[in-house]
Amino acid sequence: MPSLKDLRNRIASVKATQKITKAMQMVAAAKLRRAQLAAEAARPFAQRMEAVLANLAGGMGPDAQGPALLSGTGQDKVHLLVVCTAERGLCGAFNSSIVRLARERALSLMGQGKTVKILCVGKKGYDQLRRQFEKQIIELIELRSVKQMAFSDADPIGRKIIGMFEAGEFDVCTIFFARFRSVIAQIPTALQLIPAQIPTAAAATGAQASYDYEPNEADILATLLPRNISIQVFRALLENAASEQGARMSSMDNATRNAGDMIKKQTITYNRSRQAMITKELIEIISGAEAL
Amino acid sequence: MAAFHFELVSPERLIFSGEVEQVVVPGSEGQFTVLSGHSPMMSMLRPGVVEVAGRDLSERLFVRGGFADISPTGLTILAEQAIPLAELDAAQIEKQIRAAEEDLEDAQTDETRQAAAMRLDQLRELRSALSI
């Protein structure tokens with residue numbers, strides 16, 4: 001049986017924790033709004049880009065040999081996994097669920113005898129993957145200093161991926177991130193970047209318009225595809241940022257509620273033992289008086 | 001003049017969307033003007049100034065890296081960067097260019113040198129766009 005002082009201390013410490021989690025939840029809620037707005041604002045660009053690419057790719061015809069970014073290297077021996085996670089913890093299962101998806105993919109690819117390379121964006125994913133895939137991880141990109149994700153943060157990552165592709169360091173590139181559905185639902189997603197996946201349905205409808213191209217189709221496609229990679233990375237990072245804040249908000253909400261429950265329970269125990277103590281003392285006094 | 005729909009989009013946000021009458025686009029092969037009913041076309045952009053004119057608006061924006069897509073429904077410009085010229089100040093840019101030049105000289109590692117060089121290039125493009 002803990003003493004009254006112990007109980008009091010315990011309640012005080014849970015209360016302090018609750019204040020912290022409550023504050024974190026409110027901060028996450030504010031950040032979530034901003035991240036959500038940013039993710040939404042970025043959508044038109046990505047949609048246009050997709051439409052244009054579908055148009056171009058559709059116009060190329062199925063037999064035309066497109067740029068390598070579109071058609072791939074013709075092999076799938078070496079896979080590059082880009083794992084985007086948060087820089088900070090305390091956001092529920094957010095990081096682990098992305099890592100789990102990436103880990104499963106990596107293991108199944110390795111089981112098929114393929115070579116896997118991992119590029120970590122975000123420290124938390126790196127920490128979790130390092131234990132198992134020390135040799136496969138080629139680099140860690142930290143975005144800790146980034147407050148509001150801008151295109152100029154995503155662009156270097158995209159360029160790096162393309163640089164590696166052009167150097168023949170991998171055949172297939174997949175990016176892992178959490179798609180933001182709602183505050184309580186973030187869906188870990190794997191998206192194939194290279195070879196680019198262009199929606200074929202859109203390509204069919206877009207091919208009807210006869211376009212003039214300046215300078216010419218192939219050149220435009222060759223310039224757009226690398227840019228599209230950067231855009232996709234940017235989008236993934238934005239979605240991830242929103243998901244992270246959403247996950248943090250709901251997990252901190254849970255934590256605050258748990259702390260509240262705990263305080264209630266502890267207070268009851270505290271009051272009971274205080275009462276018991278008083279009763280005991282009274283009994284002692286009374287029986288002492290009776291003995292006289 | 002007949003109006004058509006014009007959109008200017010950057011990766012971060014939709015910068016301009018509305019009905020306009022005339023847009024001058026800095027295409028990679030040369031500047032061209034888009035009016036209503038332009039034939040479908042797609043063009044790369046070089047860093048330069050987009051001039052938008054409508055019934056009661058006229059706007060000049062600096063754009064970098066991207067392309068223009070003219071479809072029967074209107075004109076869309078996708079630019080990696082777009083800044084309204086009104087927000088730019090020649091003296092400010094001169095100052096930034098000087099700072100960037102200094103950065104380039106002081107750069108210790110390859111990475112910072114590259115970053116500084118890129119910044120300097122971008123600022124020079126901006127300056128040349130302004131002086132037009």
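This report describes the contact between two protein chains and several buried parts of each chain. The structure is a predicted model.

**The contact between the chains**

Chain A contributes 25 residues to the contact, and chain B contributes 27 residues. Between them, chain A and chain B bury an area of about 2200 Å². Carbon and sulfur atoms give 65% of that area. On the side of chain A, the three residues A:Phe45, A:Tyr211 and A:Glu214 supply 30% of the area that chain A buries against chain B, which is more than any other three residues supply.

Two salt bridges are counted between chain A and chain B. A salt bridge joins A:Arg227 to B:Glu80, and the closest N and O atoms of this pair are 2.6 Å apart. The count of residue pairs in polar contact between the two chains is four, with both residues at pLDDT 80 or more.

Which elements of chain A give two or more residues to the side that touches chain B? They are helix 1 (4–41), helix 2 (43–60), helix 6 (151–166), strand 6 (212–214) and helix 8 (217–291) of chain A. By residue type, the side of chain A that touches chain B consists of 17 nonpolar, three polar and five charged residues.

Strands also connect the two chains. Strand 6 of chain A pairs in the parallel sense with strand 5 (residues 41–44) of chain B, over three bridges. Within this pairing, A:Asp212 has B:Met41 as its bridge partner in strand 5 of chain B.

**Strand pairing within chain A**

Strand 4 (residues 172–180) of chain A is mostly covered, with eight of its nine residues buried. This strand pairs with strands that include the following two.

| Strand paired with strand 4 of chain A | Sense | Bridges |
|---|---|---|
| Strand 1 (residues 78–84) of chain A | parallel | five bridges |
| Strand 5 (residues 186–194) of chain A | antiparallel | eight bridges |

In the pairing with strand 1, A:Leu81 stands opposite A:Thr174 of strand 4. On strand 5 of chain A, A:Ile187 is the bridge partner of A:Arg179. Strand 4 and strand 5 of chain A form a hairpin, with five residues between them.

**Three buried residues**

Helix 8 of chain A holds A:Asn240 and also A:Glu244. Is A:Asn240 buried or exposed? A:Asn240 counts as buried because its relative accessible area is 4%, which is under the 20% limit. Leaving aside residues up to four places away in sequence, A:Asn240 touches A:Cys84, A:Thr85, A:Phe94, A:Ile98, A:Phe177 and A:Ala178.

A:Glu244 has a relative accessibility of 13% and therefore counts as buried too. With the residues up to four places away in sequence again not counted, A:Glu244 touches A:Ala86, A:Arg88, A:Cys91 and A:Phe94. A:Phe94 is thus touched by A:Asn240 and by A:Glu244.

In chain B, B:Glu21 is found in the loop between strand 2 (14–20) and strand 3 (22–27). B:Glu21 is buried, because its relative accessible area is 13%. Among the residues that B:Glu21 touches, not counting those up to four places away in sequence, are B:Met1, B:Phe4, B:Val34, B:Leu35, B:Ala53 and B:Arg55. B:Glu87 lies 66 residues from B:Glu21 along the chain, and the C-alpha atoms of these two residues are separated by 23 Å.

Note on methods
Residues numbered from 1 in each chain as written. Chains lettered and ligands numbered in written order. Predicted model: local features only at pLDDT ≥ 70, side-chain atom pairs only at ≥ 80, totals over all residues. Heavy atoms only, no water. Contact = heavy atoms within 4.5 Å. Buried area = accessible area lost by both parts, 1.4 Å probe. Salt bridge = Lys/Arg side-chain N within 4 Å of Asp/Glu carboxyl O. Polar contact = N/O pair within 3.5 Å; in protein donor to acceptor, adjacent residues only side chain to side chain. Helix = DSSP H or I, 4+ residues; strand = E, 2+ residues; numbered from the N terminus. Nonpolar A, V, L, I, M, F, W, Y, C, P; charged D, E, K, R; others polar. Pairing = 2+ DSSP bridges. Buried < 20%, exposed > 50% of the residue type's maximum accessible area, 1.4 Å probe, protein only.
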